[in-house]
Amino acid sequence: MKIYDFRLAPNPRRVRIFIAEKGVEMTYIQVDLFAGHNYHAEFLQKNPLGALPVLDFDDGTYLAESVAICRYFEGMYPEPPLMGINPKDAAFVEMWNRRMEFELFGPIGRAFQHSHPMFKDRIKQFPEFGATQREHALKRYEWLDSLLAQREFVAGDRYTIADITAQVAVDFGQEAAGVPLPPHARYIKRWHETVSARPSAKA
Ligand SMILES: N[C@@H](CCC(=O)N[C@@H](CS)C(=O)NCC(=O)O)C(=O)O
């Protein structure tokens, strides 16, 4: 079993962090997204969408989509639980993970895609749209800050996959997408220090 990965890309990092939290050893194969190796025919056979990460089961089957890959490892390695501890909790964790994905990670990703030269020949870029996505993400930072004023982690009092998605979004926003945290977002900063201190953050 191995995972097709790219160290600098945020979705593969979500899966690396998740797997590190589970304490599972994994082989990672680098696919250079900058060089466009994800669009080579050999890789498209694994994922026709040309996206990372992809879990290779070594039996001819390939699983894409970060949350689907996390779901597999959650089932195989239930401890520590990162996707909920009972049906109600799991539903709330999923709600928060989807919100972090759709409301924060998505706009940050689109701000990057519509402004970065890497995407110049991959999508039709609309820089003004990218700027609206940046604004959207900044509003969502305000929202997240108010949530984290009331609780330790995104989905409540326990670290979950929703924290991983938000952590990767915030780091990518700051380091690559030109969407830094507002200076006054003190609760996000407190939470970010906590999640960044976990050994998995280096995965
Ligand atoms: N919905 C997918 C998104 C995967 C995705 O967009 N991966 C990016 C890296 S963060 C990618 O491979 N992009 C390559 C490209 O667009 O050329 C997931 O959750 O895994």
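This is a short tour of the predicted model, stop by stop, with a selection to make at each one.

**Stop 1: the two domains**

Start by colouring residues 2-76 and 87-202 separately; the domain assignment of the chain calls these domain 1 and domain 2. Their centres, taken over C-alpha atoms, are 20 Å apart. Now look at where they meet: 9 residues of domain 1 are in contact with 9 residues of domain 2. On the domain 1 side, α1 gives the largest share, with 7 residues. By class, that side of domain 1 has 6 nonpolar and 3 charged residues, and no polar ones.

**Stop 2: helix α6**

Next, select residues 161-175, which form helix α6. This helix has 15 residues and reaches 21 Å from its first C-alpha to its last, close to the 21 Å expected at 1.5 Å a residue. How many of its residues are buried? The count is 12 of 15, so the helix is mostly covered, taking buried to mean 20 or more other C-beta atoms within 10 Å. Among the buried ones are Ile161, Asp163, Gln167, Val170 and Phe172.

To see what covers α6, show α1 (10-22), α3 (66-76), α4 (87-113), α5 (127-148) and α7 (186-196). The buried residues of α6 pack against these helices.

**Stop 3: the nonpolar core**

Stay with α6 and pick out Ala169, which, together with Ile108, has the most contacts inside the largest nonpolar core. That core has 42 residues. At least two of them come from each of α1, β3, α3, α4, α5, α6 and α7. The core also draws on both parts of the chain, taking at least three residues from each of domain 1 and domain 2. As background, nonpolar side chains tend to be buried together in soluble globular proteins.

Now centre the view on Ile108. Leaving aside residues up to four places away in sequence, Ile108 touches Ala137, Ala169, Phe172, Gly173, Ala177 and Val179.

**Stop 4: around the ligand**

Which residues surround the ligand? Select Ala9, Pro10, Asn11, Leu33, Asn38, Gly50, Ala51, Leu52, Glu65, Ser66 and Arg122. This shell divides into 5 nonpolar, 4 polar and 2 charged residues. Keep Leu52 and Glu65 in mind, since both belong to the shell and the next two stops return to them.

**Stop 5: two cis peptide bonds**

Most peptide bonds are trans, so the next two are worth a click. From Leu52, step along to Pro53: a cis peptide bond joins them, with omega about 0°. Pro53 sits in the loop between α2 (41-44) and β3 (54-56).

For the second, go to Glu79 and Pro80, also joined by a cis peptide bond, here with omega about -10°. Pro80 is in the loop between α3 and α4.

**Stop 6: two positive phi values**

Most residues other than glycine have a negative phi. Go back to Glu65, which is not a glycine and yet has a positive phi of about 80°. Glu65 lies in the loop between β4 and α3. It counts as partly exposed because it has 16 C-beta neighbours inside 10 Å.

Finish at Asp58, where phi is near 65°, again a positive value in a residue other than glycine. Asp58 is in the loop between β3 and β4 (62-64). Is Asp58 buried or exposed? It counts as exposed, because it has 8 C-beta neighbours inside 10 Å.

Note on methods
Residues are numbered from 1 along each chain as its sequence is written. This is a predicted model: local features need pLDDT of at least 70, side-chain atom pairs count only at pLDDT 80 or more; totals for chains, interfaces and linings use all residues. A residue is near a molecule or strand if its C-beta atom, placed from the backbone, lies within 6 Å of it. Ala, Val, Leu, Ile, Met, Phe, Trp, Tyr, Cys and Pro count as nonpolar, Asp, Glu, Lys and Arg as charged, and the others, Gly among them, as polar. Helices (H or I, at least four residues) and strands (E, at least two) are DSSP runs, numbered from the N terminus. The expected span of a helix is 1.5 Å times one less than its number of residues. Two residues are in contact if their C-beta atoms, placed from the backbone, lie within 7 Å. A nonpolar core is a set of buried Ala, Val, Leu, Ile, Met, Phe, Trp, Tyr and Cys residues joined through C-beta atoms within 7 Å. Domain bounds come from an automatic or database domain assignment.
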